[in-house]
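Visitor: I would like to go through this model and ask how each label was earned. Could you take me round?

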Amino acid sequence: MNKITILWVDDEIDLLKPHILFLEAKNYTVVTCKSGQEALEELLETRVDIVFLDENMPGISGLETLSEIKILDSTLPVVMITKSEEELIMEEAIGSKIADYLIKPVNPNQILLSLKKNLDHSRLVSEKTTADYQQEFRKIAMDLSMVNTLEEWVELYKKLIYWELQLEEIEDSSMFEILESQKVEANNQFSKFIDKNYEDWFASKDAPILSHTLFKKWIAPELKNNKTLLVVIDNLRYDQWCAFEDTVNSFYKKTKESAYFSILPTATQYARNAIFSGLTPLEMEKRHPEWWKNDTDEGGKNLFEDKFLGAQIKRLGLDIKWEYHKISSLKQGKQLSQNFKSQKENHLTAIVYNFVDMLSHSKTEMEVIKELASNDKAYRSLTKSWFKNSPLLEIIQQAQSMGMKLIITTDHGTINVKQPSKVIGDKETSLNLRYKTGRSLSYENKEVVAATNPKNIQLPSINMSSSFIFAKNDMFFAYPNNYNHYVNYYRNTYQHGGVSLEEMIIPFVVLEPK
C-alpha cells in the first residue's frame with residue numbers, strides 16, 4: 001500500500017513541527033508550504049492525497065486558495081484549519097465542499113481522526129459493515145428457522161433490506177452473495193408460510209391489513225383532520241421506498257411507517273382495484289360486474305378505479321370532497337403539477353403514479369433498460385433518480401406548501417426472476433409470468449402456491465374448473481414450446497403476480513408537512 005502524502009499549508013509551519021513528526025511516525029509523508037501561492041505551485045508538481053489548509057495567511061487567503069485547489073482537482077479533500085470561529089468563514093468553507101473544518105489549536109489526534117475519516121473512511125466502513133453483518137448473519141439464520149408470525153416476517157424482511165443497502169455501499173461481493181443466499185432461503189420459507197396461512201386471513205378477525213382493507217383501516221382514519229394527498233406508486237418495492245425516502249424527508253416528517261400485505265395475485269388489476277374498491281376481487285365481480293374484468297376479458301383491467309373509490313367512500317359514509325388522478329406519462333404529471341393548486345379544497349387527492357411499473361416492464365422489452373437496471377442496486381438507483389427529477393416530487397413539494405398530509409404507498413412489489421418453472425395450460429390460460437389461472441393447469445407442485453378453489457382466497461373463477469397458481473421465490477412460468485427462447489428472454493427481468501417478500505410486503509407511510 002502506498003504511503004499517504006499530506007500537503008500542509010500554513011504561514012507558521014515551523015511551529016507545527018511536532019505535529020509533522022507525529023504524522024511521519026505514523027508512516028504519512030508530509031509536504032509543507034508557507035503560502036497559498038506556494039501550495040498551488042506544489043500541487044502542479046506533486047501528487048498529494050489530502051491538503052491541510054490554514055485559513056488566515058498573508059497573500060491569497062485560505063478560502064481563495066481553496067477555490068483554486070478545487071479548480072485544479074475538484075476531488076482532492078481539503079481540511080480547513082483556522083483560529084476563527086466566525087460563522088461566515090465556516091459557511092463559505094463548507095459551501096466550497098471542504099472535507100473537514102478544524103479550529104486551532106489542533107492536537108495530533110484531531111489530525112489523525114480527520115485523516116482516517118477522509119482517507120480511510122471507505123476501508124473502515126467496509127470492515128465494520130462486514131464484521132457487523134457476519135455477526136448479524138448468524139442471528140438472521142436463526143430467525144429464519146423460527147419465524148412464524150406476520151410481524152416477524154415484516155421485521156425479518158426489513159432487516160434483509162437494511163443489510164442489502166449497507167452492503168451495496170462496500171466493495172465486498174462475497175458478503176453480498178451470502179446475503180443473496182439468505183434472501184432466497186427467506187423467500188422459500190415465506191412461500192411455505194403463505195401457502196399454509198393465506199386462506200385463513202379471509203376468515204380471521206386477526207388478519208393483517210390487506211389490499212382490500214387498507215383504505216378502511218388505515219387511510220380513512222387519516223382523512224379526519226387534514227387535507228390529504230394519497231400517492232399510490234404502482235409496483236413500488238420496500239427497498240425502493242428506502243432509496244428515495246431522504247428526498248421526501250426534505251419536505252415532510254414521517255409520523256407512521258408500516259408494512260401491509262398485497263393480496264394474491266400481486267398484480268395491478270387485483271391488488272390496486274382492491275385498494276380503491278375496498279373489496280376482494282370476488283366481491284368486485286359480484287357487486288360491480290360492469291367495472292370488474294377477469295384475465296381473459298378484453299379491455300383495460302384498471303379503468304374504473306375512480307368509480308370503485310367513489311363507491312367505497314359512499315359505503316363508508318365519508319362526507320368528503322375528493323379527486324382521483326392517474327398519471328401514466330411525463331406530460332400528465334406536468335399537467336397535474338402545473339394545476340395542483342386546484343386541489344386545495346379537496347379533503348382527499350388520490351394519485352396513481354405509473355412510472356415504476358413502466359420501468360419494470362421496460363426492462364423486459366428494452367435493452368437499454370436491461371443495462372441501466374441490471375440488478376436490484378441499479379433498479380433502486382434508477383428509481384431514486386426518476387423520483388428526484390419527476391413531476392411527482394414537484395407535486396409533493398406543492399402539497400407541503402399547502403399544508404397537506406401525505407400518504408405514500410403502493411399496490412404490490414416486484415421481483416427479479418431467475419429460474420423458469422414449466423407450466424402447461426390451454427388457450428384460455430392467463431399470460432402473466434408469476435401467476436396463472438385457467439383449466440387443467442399442469443405444473444411442478446413444489447414450485448408454486450396453488451389455489452384449486454379460488455373462492456377460498458376470494459378470487460373469481462373464469463369457469464367451474466379454473467384454478468390459480470402463484471410462482472414462488474424468483475421463479476417464472478414458461479411453456480415447454482419454444483422453451484429456451486422464452487427462458488432467455490424473460491430471465492433477469494422484473495415481474496410480479498407471485499409469492500415473495502418483495503411482492504407481498506409493501507410500504508405504507510404517513511407524513512406531515514415540515
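Guide: Gladly, and let us start with a charge and a ring: the charged end of Lys422 sits over the ring of Tyr483, 4.7 Å from the ring centre. Please keep in mind that this is a predicted model.

Visitor: What makes the charged end of Lys422 count as sitting over the ring of Tyr483?

Guide: Part of the test is a distance within 6 Å of the ring centre, and Lys422 has 4.7 Å to the centre of the Tyr483 ring. The other part is a direction within 35 degrees of the ring normal. Lys256 is listed in the same way, with its charged end over the ring of Trp218 and 4.2 Å from the centre.

Visitor: Now for rings with rings. How many aromatic pairs are there in the whole structure?

Guide: The search finds 24 aromatic pairs. One of them is Phe244 with Phe387, whose centres are 4.2 Å apart and whose planes are at 20 degrees.

Visitor: Why is the pair of Phe244 and Phe387 called stacked?

Guide: Centres within 6.5 Å make a pair, and planes under 30 degrees apart make it stacked. With 4.2 Å and 20 degrees, Phe244 and Phe387 meet both conditions, so the pair is stacked.

Visitor: What makes this a link between distant parts of the chain?

Guide: Phe244 belongs to helix H10 (residues 238-249) and Phe387 to helix H17 (residues 376-388), with their positions 143 residues apart in the chain. Both Phe244 and Phe387 are buried. They also share one aromatic cluster with Trp241, Tyr353, Phe355 and Trp386.

Visitor: And why are Tyr489 and Tyr490 described as edge-to-face?

Guide: Their ring centres are 4.8 Å apart and their planes are at 85 degrees. Edge-to-face needs an angle over 60 degrees, so the pair of Tyr489 and Tyr490 qualifies.

Visitor: Is Tyr490 buried or exposed, and what about Tyr489?

Guide: Tyr490 has 19% relative accessibility, and buried means under 20%, so Tyr490 counts as buried. Tyr489 has 32%, which lies between 20% and 50%, so Tyr489 is partly exposed.

Visitor: How do you know how many disulfides there are?

Guide: The rule asks for two cysteine sulfur atoms within 2.5 Å, and by that rule the count is 0. As for individual cysteines, Cys33 is buried because its relative accessible area of 1% is under 20%. Cys242, at 26%, is partly exposed because that value falls between 20% and 50%.

Visitor: What about the backbone: which residues have a positive phi although they are not glycine?

Guide: Asn27 is one of them, with a phi of about 80 degrees, and Ser440 is another, at about 50 degrees. Asn27 is in the loop between helix H1 (17-25) and strand S2 (29-33), while Ser440 is in the loop between strand S13 (435-438) and strand S14 (442-443).

Visitor: Why is Ser440 called exposed?

Guide: Its relative accessible area is 66%, over the 50% that the word requires, so Ser440 is exposed. Asn27, at 47%, is under that limit and over 20%, so Asn27 is partly exposed.

Visitor: Where are cis peptide bonds found?

Guide: One runs from Lys104 to Pro105, with omega near -5 degrees, and another joins Leu264 and Pro265, with omega about -10 degrees. Pro105 lies in the loop between strand S5 (100-103) and helix H5 (108-119), and Pro265 in the loop between strand S7 (252-261) and helix H11 (268-277).

Note on methods
Residues numbered from 1 in each chain as written. Predicted model: local features only at pLDDT ≥ 70, side-chain atom pairs only at ≥ 80, totals over all residues. Heavy atoms only, no water. Buried < 20%, exposed > 50% of the residue type's maximum accessible area, 1.4 Å probe, protein only. Phe/Tyr/Trp six-rings, centres within 6.5 Å; stacked < 30°, edge-to-face > 60°. Helix = DSSP H or I, 4+ residues; strand = E, 2+ residues; numbered from the N terminus.
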